[in-house]
Amino acid sequence: MADVINYDGKRFRKVLADPADDAPIALYRQQGDLVWAEFTGGDVRRGSLAGTRDTDGVISFSYSMVLADGRVISGHSVNTPEVLADGRIRLHERWERYGAHAASGVSAIEEVR
């Protein structure tokens, strides 16, 4: 089922314990296998990502963001989709940050309707 996922126009937000939290929301765009997004909210003043989607719906992208405290963060992420029971998409992220703020981890974002 993942091979039919089209990310164009979908909005995603980090999976949170507190839904009232002001987490960034990203608006995804897609043209063919090219996927990109812009996001803002919470402590992110501005962020963007760009990458490609494979035939299984997995997105591999690079990202950069400027935080409220002035830090500039960049990295890479591989996001694997899961279609939830209600039809929304959850993306399971394996991410890595570069440079002075180097870190790696796993997280998840979900489609917001």
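This passage walks through the strands of a predicted model, its largest pocket and the surroundings of one serine.

The strands make a good place to start. Eight of them, running E1-E2-E3-E4-E5-E6-E7-E8, form a closed barrel with antiparallel pairing. From one strand to the next, the twist averages 30°. Strand E1, spanning residues 11–14, is antiparallel to strand E2, spanning residues 25–31, and three bridges join the two. Across this pair, Phe-12 stands opposite Ala-26 in E2.

Attention turns next to the largest pocket, which holds about 600 Å³ of space. It is lined by 27 residues, and those closest to its centre are Lys-14, Pro-24, Phe-39, Met-65 and Glu-93. At least two lining residues are supplied by each of E1, E2, E4 (44–53), E5 (59–67), E7 (89–97) and E8 (103–112). Among the contributors, E5 provides the largest share, with four residues. Sorted by class, the lining comprises 16 nonpolar, eight charged and three polar residues.

A closer look at Ser-107 rounds off the picture. This residue is found in strand E8. Its side chain is joined to that of Glu-93 by a polar contact of 2.6 Å, and Glu-93 is one of the residues closest to the centre of the largest pocket. A polar contact of 3.5 Å also links the side chains of Ser-107 and Trp-95. Leaving aside residues up to four places away in sequence, Ser-107 touches Lys-14, Leu-91, His-92, Glu-93 and Trp-95. Lys-14, like Glu-93, is listed among the residues closest to the pocket centre.

Note on methods:
Residues are numbered from 1 along each chain as its sequence is written. This is a predicted model: local features need pLDDT of at least 70, side-chain atom pairs count only at pLDDT 80 or more; totals for chains, interfaces and linings use all residues. Side-chain values use heavy atoms; hydrogens and water are left out. Two strands pair if DSSP finds at least two bridges between them. Axes are lines fitted to C-alpha atoms, for helices over the stretch in contact, and angles run from 0 to 180 degrees between N-to-C directions. On a 1 Å grid over the protein atoms alone, a cavity is a set of points where a 1.4 Å probe fits but cannot get out, and a pocket is an open set with protein on both sides within 12 Å along at least five of seven lines; lining residues have an atom within 4 Å of a point. Grid points are joined across faces, edges and corners, and a volume is the space filled by probe spheres set on the points. Ala, Val, Leu, Ile, Met, Phe, Trp, Tyr, Cys and Pro count as nonpolar, Asp, Glu, Lys and Arg as charged, and the others, Gly among them, as polar. A polar contact is a pair of N or O atoms within 3.5 Å; within protein, one must be able to donate a hydrogen and the other to accept it, and residues adjacent in sequence count only if both atoms are side-chain atoms. Contact means heavy atoms within 4.5 Å.
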